[in-house]
Amino acid sequence: LFRSHSFPFVAPWQLHLPQGRMAAAPGNRVSDFSRKLADQLEARIGQIQAYVTKGEIVSRDALSKFVWSTTKMVYKAIAPNDKDPRSKEAWDNARGMLKEIVDFVQFNPKAFHEPCVKLVLEPKVAEVLQNYQRFVLTGQVQTRHPPPKLLGETDEILCVDKPHCFTCTYGGNKFDWKPPELAKVETATQLLNLDEESIQLHQYLALKFNYENAVGTREFWEKMKTGEVTSLECVCGSCGKCAVTQSGCCNRLDKETSGVMIAAKTRAGFEQVRRQFKSKHSLEEGGTEKYYLALARGEVQLPTTFDIRGTSKAWTHGPVIDRFGRRGRIEIACSVMGSWKAFPWDNGKSDEENGKGRGKGKGKGRQGGGESLAAKTLNALSADPAGDKNSGDWGEGGQNPNAHMMSARQDALTFYRPLAWFTSKDLKDSSGKPEKYTLLHLQIITGRTHQIRFHCQQIGHPLVADPQYGAPWTDREWAGRVFLHSYQTKFREPFTDRWFEATSPLPEDLGKVLQKLNLE
């Protein structure tokens, strides 16, 4: 499972540098401008590092003047000029890397102004200058956020490996066509150095690349700035207009979910790929195949009999034998309510028992053979043929732009098989035995909001560090984030119908989580 799968086009992830969060800088290196700048930075770093090593404190005024004069030195060495793209790019990169210690809105190379220097201490100044010098010498950027790795590309598609700190929020819904808030940066480097907990993937792609949909997205932002447009032109998420507001991103993943993301380079290609994702399910001809790795709580074993609950056959869990061998089959319909949380549509329990609170009593239909009043109300609210009929076709991340507070029934199908079993080295269950965990390989056939997280909760095995679906908050102390990774996506290239597969190895942080456990 963990071997490197063949990827029939360029696969730079094979050259991944796991420790450094190093991203190759676009275009020419700053070192092409001046080797002298690197020497000047080294001298400055030596000065501040001497104070750090001795544990001495520099006055605020002296430190501010040191930071300002160093930034002025960089400005003079680069000499940015709008007519010289190389120097302009170099200065943009410098600002992106020095923004942790300098407020460039207030920075003036001609006159010292103390507020332009942020309230930082000597060790931080030394760290930032060292990272910038590394860029000057090597053309590589040390960033606060890890850059998405390029998994591969063709003339029509680009696949990247999304780190868990990136969000897939493209803005707009049925009731509000407002685009998402964007970070106020000009380069991908500046974006990666933001202090925010998370950043937008589509903004990174638009700043980093120059394919048709990336350029179109930047042009849309300019129209928003000038007031030429004030809202999104469309929120269907599948047409050419939507392609050039979200950098051609064809799927979504939750913020804490890492792995394969697909972007279409052209408007026409975007429509083709989105059509694949909008297939009723991936068992249809031309539908995508989506595989995930997840760590579930408890000892997961394949079922031997079918468990069917409720009166509408909307909750089933049992065994299946297919081309993959023996697997578990979870087909549990859901409705999505509130803050993007999925609930069972009909598991034989009342709304109150399921925590939905959609009405009083148990609901006549779901217990006695007809459709409940709550269900009828939801179906009426969701009758728009352009709305929730495609809800969830974005993938495990969900967040369909047409979804709203209450959704209609959404059928959802997941296959799974256990890969390995683990026990905790420290934590005990209620019986005093070590806590158990299971590494799962999952395939989602549909792509509903939080589908894997919801389905694993429903069969009694919530994902590690997922308190929204039943895991204890204490999981996050040792696991950090929800243990869910989009491992592989298979799809057809637009216009050629050639099958491609994009594979993302298990990321380092999740590998470290497994290392904390005992393999059974």
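This briefing covers a pocket, a buried glutamine beside its centre, and one helix with a buried face. The model is predicted. The pocket is the second largest, with a volume of about 580 Å³. Gln-203 is among the residues closest to the centre of that pocket, and its place is in helix H6.

**Second largest pocket**
- The lining is made up of 21 residues, and those closest to the centre are Leu-182, Ala-183, Gln-203, Trp-221 and Lys-225.
- Helix H7 (212-226) and H6 each supply at least two residues of this lining.
- H7 gives the most to the lining, with six residues.
- Sorted by class, the lining has eleven nonpolar, seven charged and three polar residues.

**Gln-203**
- Helix H6, which holds Gln-203, spans residues 201-208.
- Gln-203 has a relative accessibility of 3%; buried means under 20%, so Gln-203 counts as buried.
- Leaving aside residues up to four places away in sequence, Gln-203 touches Leu-182, Ala-183, Val-185, Leu-191 and Trp-221.
- Among these contacts of Gln-203 are Leu-182, Ala-183 and Trp-221, which are also listed with Gln-203 as closest to the pocket centre.

**Helix H15**
- Helix H15 runs over residues 508-515, and its buried residues are Leu-510, Val-513 and Leu-514.
- Viewed down the axis of H15, the buried residues fall within an arc of 95°, so they line one face of the helix.

Note on methods:
Residues numbered from 1 in each chain as written. Predicted model: local features only at pLDDT ≥ 70, side-chain atom pairs only at ≥ 80, totals over all residues. Heavy atoms only, no water. Buried < 20%, exposed > 50% of the residue type's maximum accessible area, 1.4 Å probe, protein only. Helix = DSSP H or I, 4+ residues; strand = E, 2+ residues; numbered from the N terminus. Arc of directions from axis to C-beta. Contact = heavy atoms within 4.5 Å. 1 Å grid on protein atoms, 1.4 Å probe; cavity = no way out; pocket = protein on both sides within 12 Å on 5 of 7 lines; lining within 4 Å. Points joined across faces, edges and corners; volume = space filled by probe spheres on them. Nonpolar A, V, L, I, M, F, W, Y, C, P; charged D, E, K, R; others polar.
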